[in-house]
Structure formats: structure tokens, C-alpha cells
Amino acid sequence: INIRQARPEDMLGMQACNLQNLPENYTMRMYSYHILTWPQLSFVAEDAKGRVVGYILAKMEEDDEQEPHTAFAPYGHVTSISVLRPYRRLGLAKTLMLQSQYAMATAYRAAFCSLHVRKSNRAALGLYRDTLGFEVHKVEAGYYADGEDALAMRLTLSPRD
Ligand code: ACO
């Protein structure tokens, strides 16, 4: 399995992988917005035939919760990550996250990385909290379309990450 930056021609494969793995789905416009605006932040895992078996879709945002007088504080946000079932527990999601976090810190000087996760998502919580060191920033009640709460999580990035 090879991990590399996502390109516009990967969008259909990323969308197919997302549709199989998650109820949160996105338009092609959303994929292209991420990949064309922040080309360093999204990655795919591909098999020997070049098929997308996992992806991370990520972007940059600006911190609107900071005090108005504090400096511009860009941060990275993981919109979506998933890995096809037969390829799970091989470390692919961890590598996809670390690659994106590194690019957030180095290419865009992100202060931290943020994401939302369902509070019932044990696998993803294991990855974020236990493997990568994310912490719960706040709980967003009823965040998902079916009413489930989201944990808004954050990981501080150092410029050397
Ligand atoms: N149960 C408990 N811990 C887990 C699990 C699990 N099922 N899966 C991964 N972890 C933790 C473990 O600590 C694991 O390390 P270990 O295997 O050495 O014990 C560590 O995370 C790294 O696991 P990876 O192999 O890198 O994870 P994987 O490639 O299997 O992908 C993912 C994890 C993305 C959560 C996968 O299960 C998946 O695609 N799930 C469905 C989609 C999903 O829930 N995506 C996240 C939604 S939130 C968002 O997109 C921001």
C-alpha cells in the first residue's frame, strides 16, 4: 500500500471509499475545494493497482474563538478520514493523519489540528485520543444529522511536527 498526496483524479475513488465507510458524504465540489485549495493536506492510500483504499480530506481554517486582538491563528481541520474494511488495523489511518498533520504545521504553520467525531465511534476515538494524543475540546450536542453528539477534538502541533 502506497500513501501519497491526493490529486484531482483521485476524487471519485475517495468519494467511493467515503460512501462505503461513513454516513457523512460530500459533493465532488467539496472534494475539489479541499484538494485544489490545500493540495498538501489531503492524502490517499492506494493498492498496487492504484485503487483508493483510504483517504484523508483536510483543510485550513482560522480560529474565530481567539480573542480579537490575538494574532491570526490558522489551524488545520480534518473533514473526513476513512479506510476500507479489509485494509484496517494496518496503520494506514495513523500514517494518513501524521502526513496531513505534518503538512498543516510545516506548509501552513497550523497551531493545532481539529476534527469532529461521533462520541460512539470507538475505532476513531482510539486512533485520535490514544494513538495520536488528541484531546476533547468540547462536546457539540446534536451535531450529526441523526442527532448524535460530536466530540470536537484538538491536537497541538509544533512547528517541527
Ligand atoms: N478499535 C480500537 N482502536 C482502534 C480501532 C478499533 N477498531 N481501529 C484503530 N484503532 C486505534 C488503535 O490504537 C490502532 O493502533 P493498533 O492497531 O496498533 O492497536 C490505531 O488506532 C491506529 O489504527 P490504524 O490501523 O491506523 O487505523 P485504520 O487504518 O484501521 O483506520 C479508521 C481507522 C479510519 C477509524 C477506520 O476504522 C475507518 O475507516 N472507520 C470508518 C470510518 C470512520 O469512522 N472514520 C472516522 C470518522 S471521524 C472523521 O472523519 C474526522
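**Exercise 1. In what order do the elements of the protein chain run from the N terminus on?**

Solution. This is a predicted model, in which local features need pLDDT of at least 70 and side-chain atom pairs count only at pLDDT 80 or more, while totals for chains, interfaces and linings use all residues. Residues are numbered from 1 along each chain as its sequence is written. Helices (H or I, at least four residues) and strands (E, at least two) are DSSP runs, numbered from the N terminus. With these terms, the protein chain holds four helices and seven strands, and its elements follow one another as β-α-α-β-β-β-α-β-α-β-β.

**Exercise 2. Work out which strands stand at the edges of the sheet, and why one side of each is left without a neighbour.**

Solution. Begin with the pairing rule, by which two strands pair if DSSP finds at least two bridges between them. The seven strands form an open sheet in the order 1-2-3-4-5-7-6, and the pairing is mixed. Strand 1 (2–5) and strand 6 (135–140) stand at the edges; each has a single partner strand, so one side of each lacks a neighbour in the sheet. Next, follow the pairs themselves. Strand 1 pairs with strand 2 in the antiparallel sense over four bridges, where Gln 5 has Phe 43 in strand 2 as its bridge partner. Strand 2 and strand 3 are also antiparallel, over four bridges, and here Val 44 stands opposite Tyr 55 in strand 3. The hairpin of strand 2 and strand 3 has five residues between the strands, and within this hairpin Gly 50 takes a positive phi near 80 degrees. At the other edge, strand 6 and strand 7 (residues 150–156) pair in the antiparallel sense over five bridges, with Ala 152 in strand 7 as the bridge partner of Lys 138.

**Exercise 3. Find which strands helix 1 touches where it packs on the sheet.**

Solution. Two residues are in contact if their C-beta atoms, placed from the backbone, lie within 7 Å. Axes are lines fitted to C-alpha atoms, for helices over the stretch in contact, and angles run from 0 to 180 degrees between N-to-C directions. Helix 1 (residues 11–21) touches strand 2 (43–46), strand 3 (52–62) and strand 4 (74–83), and its direction makes about 95 degrees with that of strand 3. Helix 3 (residues 92–108), in turn, lies across strand 1, strand 2, strand 3, strand 4 and strand 5 (112–118), and runs at about 160 degrees to strand 4.

**Exercise 4. Decide whether His 116 is buried, exposed or partly exposed, and list what His 116 touches.**

Solution. A residue is buried if 20 or more other C-beta atoms, placed from the backbone, lie within 10 Å of its own, exposed if 12 or fewer do, and partly exposed in between. His 116, which lies in strand 5, has 18 other C-beta atoms within 10 Å and is therefore partly exposed. Leaving out residues up to four places away in sequence, His 116 touches Glu 140, Tyr 143, Ala 150 and Ala 152. The C-alpha atoms of His 116 and Glu 140 are separated by 8.8 Å, although the two residues are 24 residues apart along the chain.

**Exercise 5. Determine which helix gives the most residues to the shell around the ligand.**

Solution. The ligand is surrounded by 25 residues, the closest being Arg 88, Ala 93, Lys 94, Ala 123 and Gly 126; a residue counts as near if its C-beta atom, placed from the backbone, lies within 6 Å. Strand 4, helix 3, strand 5 and helix 4 (122–131) each supply at least two residues of this shell, and helix 4 gives the most, with seven residues.
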